[in-house]
Amino acid sequence: MVKGIEKYGIPVVHMATVVPISLTIGANRIIPGVGIPYPLGDPTQGEADSKKIRMRMVKRALKALQTPVDGQTVFEKDDF
Amino acid sequence: MAKYKIVHYLNQFFAGIGGEEMADYQPEVREGVVGPGAALKAALGDDYDIVATVICGDNYFGENLDKATDTIIEMVKKYEPDVFVAGPAFNAGRYGVACGTICKAVEDRLGIPVLTAAYEENPGTDMFKKDVIIVKAGNSSADMKNVIPVMAKLIKKMATGEEILGPAIEGYHERGIRVNYFAEKRGSERGLEMLIKKMKGEPFETDLPMPKFDRVEPAAPIKDIKHATIAVVTSGGIVPQGNPDHIESSNATKFGEYSIAGMDHMDPKDFMTVHGGYDRQFVLANPNLVVPLDVLRELEKAGEFGKLYDSFFTTTGTGTATGSAAKFGDAIGKKLVEDHVDGVILVST
């Protein structure tokens, strides 16, 4: 799906927990998810903290969409 | 007298008629062997007879696909062969496509077993390997002596009705067909043996080769985020309660598009997940873990980006064929481009 969309020239940030799969299928902008059953957040830390994690990750996603990449890039940290 | 009859197909070049200048040669049938047919007959032995050879120029075939096919089918039919053989085509593209086309037609229309051979990068191989058995051949006719015995063995199996084994054993291009069988060793043993070989740097053969994935050039980044429209897509199986479009929990054949207009978060009263590949308890309690609508709305209000697209797109990623996923992506991409979406957040579980 990532490639199907990106081939129209729209940048796609793939937020996925299993990064090797994302790399294999060919996503260009990748943000590692927290866990398979909860990619954006961590409910085991309580709702408030879980949402904070999600906010940080989505901000990172918006930043990744504004970042030029040469090839497949995994955005591991908030600072890049 | 020979027990089994073979009809062989060749192009103008291998029939010895000529090269490119004779590529317009119209279909012709000759009794007996021509060109590489002699070696094939020798490899097959006395029980097999190549009763006729059909010859056609590659350009003529390519430019008159339907007419040439019809003509050749009539020629083949007359001889009532037990097996129809074309090529080998090696890396000759038009020849490979002709061999594949005519083999498929003979099998479909006459119900006769067919066989051809070609190099893996011959376009005919990709086009027809799922339809017909294509023996692996080198990229030039220098490989003839190696290919002929492999073809002969398969022709004999086809003629006598003997079981044809997997592509690696018989030497043909993989067709993507799975056949159940009883392995001598169970999966855990096979897996460990592979792992040990891999650690030693020795070659090993996987039970399930991964499909090859193509690549897409990274799209240019968003320049003006303050006016950008962002859309959310997910393979996490998030659907409205009740799953109105019956999106499958595994091996999805469709995707859905659902409105999030006017909502400030994904309410578990409204949305659920049908994904059959992960523990759903967390996402059922809070679907924002997959479709982060709550934080996206806050960021939208704060002016961190222009606008959130009014709906999200969703399917189930588990067990879903990459071919299906590619189709979903294409359909979603087409719509998003029409609606001037500038960036996509795609969440996978």
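The paragraphs below go through a predicted model, beginning with chain B and ending with the contact between chains A and B.

Residues are numbered from 1 along each chain as its sequence is written, while chains are lettered from A and ligands numbered from 1 in the order in which they are written. Because this is a predicted model, local features need pLDDT of at least 70 and side-chain atom pairs count only at pLDDT 80 or more, whereas totals for chains, interfaces and linings use all residues. The pLDDT is the predictor's confidence in each residue, from 0 to 100. For chain B its mean is 94, and 99% of the residues reach 70 or more. For the complex, the predictor gives an ipTM of 0.98 and a pTM of 0.61.

Chain B has eleven helices and twelve strands. Helices (H or I, at least four residues) and strands (E, at least two) are DSSP runs, numbered from the N terminus. Chain B has 349 residues, of which 41% count as buried. A residue is buried if 20 or more other C-beta atoms lie within 10 Å of its own, exposed if 12 or fewer, and partly exposed in between, with C-beta atoms placed from the backbone. Two residues are in contact if their C-beta atoms, placed in that way, lie within 7 Å. Among contacts in chain B between residues at least 6 apart in sequence, 72% join residues at least 24 apart.

One helix of chain B, α3(B), covers residues 65–79. Its 15 residues, at 1.5 Å a residue, should span 21 Å (the expected span is 1.5 Å times one less than the number of residues). The end C-alpha atoms of α3(B) are 22 Å apart, which agrees. The buried residues of this helix are A68(B), T69(B), I72(B) and V76(B). They cover an arc of only 95° around the axis, so they are on the same side of α3(B); the arc is that of the directions from the helix axis to the C-beta atoms. Their cover includes β1 (4–11), β3 (48–56), α2 (58–63), β4 (83–86) and α4 (93–110) of chain B. On the face turned away from the buried side are the exposed residues D66(B), E74(B) and K78(B).

Just after α3(B) comes E80(B), in the loop between α3 and β4 of chain B. Its phi is near 45°, a positive value in a residue other than glycine. E80(B) counts as exposed because it has 11 C-beta neighbours inside 10 Å. In the loop between β4 and α4 of chain B lies P88(B), and a cis peptide bond with omega of about 5° joins G87(B) to P88(B). Another positive phi, near 60°, belongs to H340(B), which is found in the loop between α11 (322–338) and β12 of chain B.

How many residues of chain A are in contact with chain B? There are 39, and they touch 46 residues of chain B. The elements that give two or more residues to this side of chain A are α1 (2–6), β1 (12–16), α2 (19–25) and α3 (47–65) of chain A. Of these, α3(A) gives the most, with seven residues. By class, this side of chain A has 24 nonpolar, ten polar and five charged residues. Here Ala, Val, Leu, Ile, Met, Phe, Trp, Tyr, Cys and Pro count as nonpolar, Asp, Glu, Lys and Arg as charged, and the others, Gly among them, as polar.

The two chains also share a strand pairing: β1(A) and β12 (residues 343–348) of chain B pair in the parallel sense over five bridges. Two strands pair if DSSP finds at least two bridges between them. Within this pairing, the bridge partner of M15(A) in β12(B) is V347(B).
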